[in-house]
Amino acid sequence: MQLNLQTSVIVVGGGPVGLGLAATLGQAGIPCLLLERSVELSAIPKGQNLTGRSLEHFYYWDCADELRAARLLPPGFPIGGITAYGSLAGEYWYAPPGRETVSRFYYQQHERLPQYLTESVLRTRVAALDSVVTLFGWSAADVGVDDDGVRVTALDASGARCEITGAYVVGCDGARSMVREQAGITCTGSDFDQRMVLAVFRSRDLDTRLGRFPPRTTYRVLHPELEGYWWFFGRVDPAETWFFHAPVPKDATAANLDVHSLIERAAGFPLACTFQHVGFWDLRVDIADSYQRGRAFLAGDAAHSHPPYGAYGLNTGLEDAVNLGWKLAAVLQKWGELALLGSYTAERRPIFVETGAAIIDGIASDRAFLARYNPDRDRGEFEHAWSGRTSGETAPPSYEPHYEGSPIVWGPAGSRSSVHGHHTVEARAGHHLAPVPLSSGRNVFEELGRGYTLIALTGDRRPVAAFRTAAAALGIPLRVIVDTFAAERAAYGSRLILVRPDQHAAWTGNDLPADPATVLRRVVGGATDLAGGATELSALRHGLGLETNDLTSEPDKGQGGRGGQ
Ligand SMILES: Cc1cc2nc3c(=O)[nH]c(=O)nc-3n(C[C@H](O)[C@H](O)[C@H](O)COP(=O)(O)OP(=O)(O)OC[C@H]3O[C@@H](n4cnc5c(N)ncnc54)[C@H](O)[C@@H]3O)c2cc1C
């Protein structure tokens, strides 16, 4: 049997990132086809900590309530960690503040649930979107990309074959991405030559013994022998199910590793446990050298992978999906220029380069600390250093990914995109917009459009009229929110804020700019200089033939945001 299908975007891989991309495209009305080789969801909890920012994506995918309803922990259970020295029974420990320190800068609260439940919610959401076709149980076997389009051959378990053609293909197919390989995209990484075990187990004893700590969801043990790697316990449900990961010898296997003893050693006390899963992975930090080659893109673990230190993997991947999703939709709906697609790598890759570096630095810094300080050698010196470490970790996190250096935002001259920043309500070009109440009582996030939004906090009506006229002439969907520069809105510091479909400010000002059309052209990729992308873009331009491309959907010129739907 052979099927022949045609679509606009082929998404290879229906893990959380592929599903998130399909949701973004589907809600924009873009035809897309998602291929996922597994019918069943994996039983391994994996990425559980979702940031407030990730929850904003679920809000705009119209399934944040469903996600919260799917969690296993009771509402209000404190999401955060304990760091202990030596073992969980050790004398030295602290509870660093969690994501609540930045929660007021996001419209949604962070959440914790097993990744398979997150995927289940997304599968249900995507199934309800008319423009998304899903093929579960089908593996992409071959990917062809040329100037005119893409072609993917998929096979199911019975050997049936499906030929799919489209305008773009996105590899969301995980760390061993075949799309990345077949598109010829190379990776650069650091191999730590370190094998890790991942165990999922049930134990009531562990919960009982952890009653000595304030309630938390994760428990990290630092030990001199681990050289900066961790023994790590995470709750899957309130009291019984856990996952554990730890460095192990290179030749460890499920047959020769005594995981139970290792867990007891990390815990520091004997405990009964029943195992549900024991697996292994090699610790690497890897990044694709580009997230795009012609009409092929990468997102999520296919583009970058690293050990689960810091809960960055899934959250970073979901942001990739949203960033790429709105840009593909804009280009296919013909209000975005092709250079908009080049801005995907330009914006997202620097974020992971620095995230990966921070993870490597964190391991090195723990290793140095543990080599230098040891209570068995010098208790006083260790206690002094440990307390310094504790207070260091109470500082507000400076992890604030932004695109100040992006070619499609009007950031400060000479700035660059980075994860290093600070959280503030002030609206800054390239940064995530902070949520504030409007005078209607609704939050600004309830009013943002799915295209661009102009927030006008000025009594002057001319900027609104001028931006509307320019957007209409350029075919850019623009929603306008008019309010006063008062109350919490004054903290934005700007009376005019142009917000992207991914809730990042693209331009800010106080007065009508000389030419609003110039402002708008840049933010849809019409006036960019993407170094190194010129050849790729001209090849794309030559091959794309957007005017004759019958795979695209019609532009959405509506002003409707989520609040209006
Ligand atoms: C122990 C552990 C804990 C973690 N904790 C966190 C955390 O707290 N927070 C966080 O943000 N991240 C965490 N992560 C990382 C997170 O799990 C990953 O970043 C996330 O799974 C990436 O999602 P993805 O969709 O990109 O890739 P994947 O989840 O790997 O999904 C890829 C999908 O593609 C499918 N596929 C592959 N090849 C093909 C093909 N040829 N055809 C069709 N389908 C294909 C696969 O079946 C799979 O479903 C953790 C990871 C581990 C291992």
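**Ligand surroundings and helix packing in a predicted model**

The shell around the ligand draws at least two residues from each of four elements, namely helix 1 (16-27), strand 3 (32-36), strand 9 (138-145) and helix 8 (313-332). The structure described here is a predicted model, and the ligand within it is surrounded by 30 residues, of which Glu36, Gln115, Ala140, Asp301 and Leu314 are the closest. When the shell around the ligand is divided by class, 13 of its residues are nonpolar, twelve are polar and five are charged.

Polar atoms of the protein backbone lie opposite both nitrogen and oxygen atoms of the ligand. For alanine 140, a polar backbone atom is placed 2.9 Å from a nitrogen atom of the ligand, whereas for asparagine 315 a backbone N or O atom is found 3.0 Å from an oxygen atom of the ligand. A polar backbone atom of asparagine 49 is likewise placed 3.2 Å from an oxygen atom of the ligand. The ligand taken alone would expose 990 Å², and the protein buries 88% of this area.

Two of the elements that supply the shell, helix 1 and helix 8, also take part in helix packing. The axes of helix 1 and helix 4, the latter formed by residues 115-127, come within 9 Å and cross at roughly 25°. With angles under 35 degrees counted as roughly parallel, helix 1 and helix 4 are therefore roughly parallel to each other, and their crossing is left-handed. For helix 8, the partner is helix 2 (residues 52-60), and the two axes come within 9 Å while crossing at roughly 40°. This angle makes helix 2 oblique to helix 8, and the crossing in which helix 2 passes helix 8 is left-handed.

A further pair of helices is found later in the sequence, where helix 12 (residues 462-474) packs against helix 13 (residues 516-523) with the axes 9 Å apart and at an angle of about 50°. Helix 12 is, by this angle, oblique to helix 13, and the crossing of helix 12 and helix 13 is right-handed.

The backbone geometry of two loop residues also deserves mention. Most residues other than glycine have a negative phi. Lysine 46, although not a glycine, has a positive phi of about 45°, and this lysine is found in the loop that runs between strand 3 and strand 4 (49-50). Strand 3, at one side of that loop, is among the elements that supply at least two residues of the shell around the ligand. A positive phi, near 50°, is also found for alanine 487, again a residue other than glycine, and alanine 487 has its place in the loop between strand 24 (478-482) and strand 25 (496-499).

Conventions: Residues are numbered from 1 along each chain as its sequence is written. This is a predicted model: local features need pLDDT of at least 70, side-chain atom pairs count only at pLDDT 80 or more; totals for chains, interfaces and linings use all residues. Side-chain values use heavy atoms; hydrogens and water are left out. A residue is near a molecule or strand if one of its heavy atoms lies within 4 Å of it. A polar contact is a pair of N or O atoms within 3.5 Å; within protein, one must be able to donate a hydrogen and the other to accept it, and residues adjacent in sequence count only if both atoms are side-chain atoms. Accessible areas come from the Shrake-Rupley method with a 1.4 Å probe; for residues, only the protein chains shown count as cover. Ala, Val, Leu, Ile, Met, Phe, Trp, Tyr, Cys and Pro count as nonpolar, Asp, Glu, Lys and Arg as charged, and the others, Gly among them, as polar. Axes are lines fitted to C-alpha atoms, for helices over the stretch in contact, and angles run from 0 to 180 degrees between N-to-C directions. Angles under 35 degrees count as roughly parallel, over 145 as roughly antiparallel, 65 to 115 as roughly perpendicular and the rest as oblique. A crossing is left-handed if the near helix is turned anticlockwise from the far one by less than a right angle, and right-handed if clockwise.
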